[in-house]
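Trainee: I should like to go through the terms applied to this model and the grounds for each. May we begin with the strands?

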There are 2 protein chains.
Amino acid sequence: MPRAPLYEGVATRLREFIEVNRLGPGDRLPGERDLAGQLGVSRTSVRQGLTILRVTGLVDIQHGNGIYVSHNVGDVLAPITAELVMANPELPALGEVRNALEAQAARLAATRRTPDDLAALATTIVAMRADIDAGGVGIVADRDFHRGIVRAAVNELLADTLENLSDGAGRIAAASLQRPGQAPRSLADHEAILGAIEAADADEANRRMMAHLERTGALDEPS
Amino acid sequence: MPRAPLYEGVATRLREFIEVNRLGPGDRLPGERDLAGQLGVSRTSVRQGLTILRVTGLVDIQHGNGIYVSHNVGDVLAPITAELVMANPELPALGEVRNALEAQAARLAATRRTPDDLAALATTIVAMRADIDAGGVGIVADRDFHRGIVRAAVNELLADTLENLSDGAGRIAAASLQRPGQAPRSLADHEAILGAIEAADADEANRRMMAHLERTGALDEPS
DNA sequence: GGTGGCCGATTGGCTAGACCACTAGTCCAA
DNA sequence: TTGGACTAGTGGTCTAGCCAATCGGCCACC
């Protein structure tokens with residue numbers, strides 16, 4: 001059995017330290033030299049352990065100032081998912097995860113949307129129709145619509161994750177809209193989804209969003 | 001504007017190195033001393049950069065052997081999500097993300113399930129009924145059912161993410177089953193979900209799974 | 001000829017100590 | 001009151017070295 005590296009243990013003990021001392025967002029940790037002394041390891045190892053917590057999003061390290069417990073839970077997944085997407089943006093498994101989250105956003109939006117949310121969504125539909133009438137395909141309005149849904153869902157973790165997953169997915173949506181006749185179809189989809197959200201029909205919103213995503217995402221299908 | 005730390009740059013340059021040299025899973029990177037020389041930085045900084053890539057899941061560092069490009073994409077998110085869940089397991093936002101992924105798994109399972117998958121799922125239902133008849137609540141069979149769904153979905157990324165999200169969710173499910181009359185209700189839900197999957201009805205499988213999760217997850221509702 | 005153990009080269013893991021770079025607070029002079 | 005210099009404290013980086021795990025080849029032995 002291979003033994004775990006020291007800095008792994010340091011990371012674990014630092015997590016425990018934060019938990020035991022009930023440290024919340026914004027609270028300050030002891031300096032690196034202090035921690036090295038308390039844990040009985042070299043400062044180098046402490047720094048490697050801290051790097052792990054930093055990448056993980058648990059702490060915020062400020063040069064010349066100190067080490068602080070981070071604020072947003074969403075920040076934890078953000079850099080990682082971004083990394084993952086950058087590495088292989090058209091991985092099908094990734095698209096399926098993304099679809100699931102966005103359909104869930106539609107479901108939540110159906111129950112939580114405010115009048116402002118509905119107004120914003122309606123605006124994107126008007127804008128998309130105008131763009132299509134003007135000969136465009138409504139890429140901007142399309143993106144705004146999907147973002148509006150996510151915003152209406154009021155779930156920061158979901159929003160952050162989706163934001164990063166979408167970095168790669170953006171061009172897929174753009175490519176999809178370029179297909180002949182796709183833009184009006186997408187517009188009709190949007191209207192149907194918004195209708196379900198207005199009606200507070202969570203199941204229907206979820207179903208229609210999923211159908212919409214599967215239609216637009218299926219680029220490789222033999223026509 | 002604050003300048004980025006050196007080790008961040010090292011991590012980025014190492015990522016580029018992997019990409020430019022078309023290194024795939026299993027390929028070996030130069031040693032730490034080599035990299036330090038090539039990048040013109042100290043070994044310390046190289047090690048910190050490597051730690052980032054390691055946490056990120058991009059590379060696998062082996063003591064006494066060398067540094068290799070990692071294999072599984074799922075490994076990227078796994079340790080991070082586990083971390084996140086450990087930190088705050090009853091965060092409602094987390095539950096919503098988890099529900100979305102599991103409902104998506106049900107949807108995918110409806111189209112991809114093999115006869116073996118169906119048989120395994122049916123077995124868990126039989127086992128759960130037997131356990132309930134014997135006075136239990138079928139915790140084990142319940143867990144097996146949900147895992148069986150995920151397995152049938154054939155999406156490694158989704159499976160890995162869910163596996164880690166569920167570490168914290170496990171006890172929620174267990175607590176839910178303890179409620180009077182819940183176990184038979186869950187069993188009925190399972191049967192309905194399996195029915196939809198057998199019928200290859202993706203929408204229905206998705207809908208029923210979501211309904212099931214929302215029912216069992218709503219622990220804090222005033223009864 | 002095959003087999004087992006030894007040994008050394010290579011590689012990552014860890015330490016110690018020093019100095020640099022940045023931040024925030026203090027204090028003094030204008 | 002205000003502006004800037006100073007300073008203590010903190011993270012960032014480097015050097016040099018030794019420790020520990022791994023792998024592969026060599027060699028004695030069967």
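Mentor: Two strands pair if DSSP finds at least two bridges between them. Helices (H or I, at least four residues) and strands (E, at least two) are DSSP runs, numbered from the N terminus. The model is predicted: local features need pLDDT of at least 70, side-chain atom pairs count only at pLDDT 80 or more, and totals for chains, interfaces and linings use all residues. Residues are numbered from 1 along each chain as its sequence is written, and chains are lettered from A and ligands numbered from 1 in the order in which they are written.

Trainee: What makes S1(B) and S3(B) a pair?

Mentor: Pairing requires at least two bridges; S1(B) and strand S3 (residues 66-69) of chain B have 2 bridges, in the antiparallel sense, so they qualify as paired. B:Leu29 stands opposite B:Ile67 in S3(B).

Trainee: Why are S1 and S2 of chain B called edge strands?

Mentor: In the open, antiparallel sheet the order is S1-S3-S2 (chain B). Strand S1 (28-29) and strand S2 (59-62) of chain B each pair on one side only.

Trainee: How do you know which residues belong to the surface near DNA strand D?

Mentor: A residue is near if its C-beta atom, placed from the backbone, lies within 6 Å of the strand. There are 21 residues around DNA strand D, and among those that come nearest are A:Gly31 and B:Ser45. H3(B) gives the most to this surface, with 3 residues.

Trainee: With what is B:Ala109 in contact, beyond its neighbours within four places in sequence?

Mentor: Contact means C-beta atoms, placed from the backbone, within 7 Å. The partners of B:Ala109 include B:Ile149 and B:Ile197.

Terms used:
Contact = placed C-beta atoms within 7 Å.
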